[in-house]
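Visitor: I would like to learn how to read a protein structure step by step. Could you take me through one and explain each kind of feature as we come to it?

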Amino acid sequence: MTGMDRVVKGGRVYVDGRLQNLDVWIKGRKIAGLGGGHQAEETIDGRGMIVLPGAIDIHVHFRDPGYTFKEDWETGSTSAAAGGVTAVVDQPNTNPPTVDGPSYRMKLEIAERRSVVDFCLNGGPGQVKRLAELGASAIGEIFTYDHGEEELRKILAETAKAGLLPTVHAEDPDVIRENSEPLRDGREPQLYSFARPNLAESKAIDSILGMTDRVHICHLSTSEGLDRLRAAKGRGKKVTCEVAPHHILFTKRDWRRQGTFLKMNPPLRDFRDRDALWEGLRKGEVDAIASDHAPHLPEEKRDEIWDAPPGVPGVETMLPLMLMAVRSNLISLDRVVDALSRRPAEIFGLSSKGRIGVGMDADLAIIDPRDACDIRADRLHSGAEWTPYEGRRALFPKITMIRGEVVFADGELLAKPGFGRNLPGPRLLKAEKRSEG
C-alpha cells in the first residue's frame, strides 16, 4: 500500500481511448497510479462523474499587457479554469506586442504573477531567435494580411531556423481589399462575411504552403481551406490546424440574431463550410479545437460593422459546449478529448500534458454528465461580460485540477493568481535539459 496525496475515487476515467472505472492516484503534481490499492491523505469523490484530461486551449488572447480593460491574466485564466482548461497558449498581439526580448519578459512576469492555469507564450514576428531563446512556444499568430510575400518568406525561414512552429492566421489581403471596398457604404452586419470571402482563406493557405513544409493554421473556417490542408498532409507536409467553436456552431444566418457581436476574423461562413469542418473534425483531418478567445466589451461590440472590433470570448465555454456536442451525437468523446487535449499537447510539445496516464501531470476536468445547464454571461468569469453562447446548453466541470491541486470547484476559484506555471518552448527546454545533464 503506497501513500498518495490525493485520490479521485469512483469515477469513470478516460484512459487509452475509453472511459474506465478506475481510481486516479496522485503524488505531488503527477498521476502516480491508475487503479490498484493505495492510501491517500485526501479523497475526491468521483462517483457518477467522468474524469477527462484537462483541455489545452492553444489560441487565447488574454489582452495583458495593454488592454486589461477587456481582460487580464487573472480574469482570463480564471475563466479557463472554470471551463476545464488547464493550460493555454497566449497570442502576441498585446500592447506592447510580444516581438522582442523586453516585451516577452514583461508578459512572462505578468503571467507568472497573475495566471491561475499553466501557460505558453507565443512570440510575434520580430526578434525570432531571441524569442526562441527566452522560451517562446511558437511564432504567431502570424497575420498574413499584415505582411508582404517576401516578408512572410523571411519570417517563416527565421522561425524554421529557430526550431519553432509558425502559427498562421490565413487571409489574403488583396482578396479582402477587393471585396471590402464595394461594400463600405453598407451597414448590414452580414456584409462582413462577403468582405472576407472563402477565397481569402484558401488563397492565403495556398501561398503559405508554397513557402514552408511545417505550419499550423489557426481557426480554419472554410471547406476550401480544409481541402488544401488535406492535400498538403497527403503530400507529406507537416501541417496541422485548429477550428474554433464559433465556426462550427454559428453560420451566416446568425448575423440576424446577434449582429456585430458575431464579428470575428475570419468571419462566419455558410452551412456547407460548417458541415465540412464538423466532418473534418470527426475524421481527425482537423487536428485541434481552440477557442480563439478574443474578448471585447459589449459597448465596443455594439459599434457598426466596419468599426466593431473582431473577436468573441470562448475559453470558458469551449469544453462544455463540445461535451454537449458529444451528447447530441455530433462527435465522439474520443475525438473531442483528442482535439482538446492530446493533439494540442503534441503540436506544442507539452510532453507531460494532454492525457491521463502514470507519470503525467495530474491535470483533470471532472464532470457530472447529469448536470447540464444553460450558459449565462453573469455566471462566467471573463472580463468581457458577455458570451455569444447565451442560453445554449453546456456541461461545465464540477472540479478542475492542475498538477494535482484543485483550482476550481463548484463555481469557486480555489487557486491563487500566480499558481499557473510557464511551459517553455522547445529551444529553452532543450537548453535546460542540456544544463541539467
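**Reading helices, sheets and cavities**

Guide: Let us start with a contact between helices: Ser-223, Glu-224 and Leu-226 in α8 meet Arg-272, Asp-273, Ala-276 and Gly-280 in α11. Please keep in mind throughout that this is a predicted model.

Visitor: At roughly what angle do the axes of α8 and α11 cross?

Guide: The axes of α8 and helix α11, which covers residues 271-283, cross at roughly 35 degrees and come within 8 Å. Sorted by class, the residues in this contact of α8 with α11 are two nonpolar, two polar and three charged.

Visitor: Which strands does helix α8 lie across?

Guide: Helix α8, made of residues 223-234, lies across β13 (214-217) and β14, and runs at about 150 degrees to β14.

Visitor: How should I read a sheet, and what is the order of the strands in the open sheet of five strands?

Guide: The general idea is that strands of a sheet pair through backbone hydrogen bonds, either parallel or antiparallel. Here the five strands follow the order β11-β12-β13-β14-β15, and their pairing is parallel. At the edges are β11 (139-143) and β15 (288-289), each of which pairs on one side only. Strand β14, residues 238-243, is joined to β15 over two bridges in the parallel sense, and Val-243 has Ile-289 in β15 as its bridge partner.

Visitor: Which strands form the open sheet whose pairing is mixed?

Guide: That open sheet has four strands, in the order β5-β4-β1-β6, and its edge strands are β5 and β6 (39-45), each pairing on one side only. On average, neighbouring strands of this sheet are turned by 30 degrees against each other, if direction is ignored. Strand β1, residues 3-9, runs parallel to β6 and is joined to it by six bridges, with Val-8 having Ile-44 as its bridge partner in β6. Strands β4 (residues 24-27) and β5 (residues 30-34), on the other hand, run antiparallel and are joined by four bridges, and Val-24 has Leu-34 in β5 as its bridge partner.

Visitor: How many residues lie between the strands in the hairpin of β4 and β5?

Guide: There are two residues between the strands of this hairpin, and Gly-28 takes a positive phi near 65 degrees there.

Visitor: Now for a single residue: is Val-312 buried or exposed?

Guide: A residue counts as buried when its relative accessible area is under 20%. Val-312 has a relative accessible area of 2%, and therefore it is buried. Val-312 lies in the loop between α12 (298-301) and α13 (318-327). Leaving aside residues up to four places away in sequence, Val-312 touches His-246, Phe-261, Lys-263, Met-264, Asp-292, His-293, Ala-294, Trp-386 and Pro-388. As for Gly-420, its C-alpha is 24 Å from that of Val-312 in space, while the two residues are 108 apart in sequence.

Visitor: How is empty space found, and what volume does the largest cavity have?

Guide: Rolling a probe the size of a water molecule over the atoms shows where empty space is left. In this model the count comes to four cavities of 30 Å³ or more, and the largest cavity has a volume of about 100 Å³. The largest cavity is lined by 14 residues, and the closest to its centre are Pro-313, Leu-380, Ser-382, Trp-386 and Thr-387. By class, the lining of the largest cavity divides into six nonpolar, six polar and two charged residues. You can find Trp-386 again among the residues that Val-312 touches.

Methods
Residues numbered from 1 in each chain as written. Predicted model: local features only at pLDDT ≥ 70, side-chain atom pairs only at ≥ 80, totals over all residues. Heavy atoms only, no water. 1 Å grid on protein atoms, 1.4 Å probe; cavity = no way out; pocket = protein on both sides within 12 Å on 5 of 7 lines; lining within 4 Å. Points joined across faces, edges and corners; volume = space filled by probe spheres on them. Nonpolar A, V, L, I, M, F, W, Y, C, P; charged D, E, K, R; others polar. Pairing = 2+ DSSP bridges. Contact = heavy atoms within 4.5 Å. Axes fitted to C-alpha atoms, helices over the stretch in contact; angles between N-to-C directions. Buried < 20%, exposed > 50% of the residue type's maximum accessible area, 1.4 Å probe, protein only.
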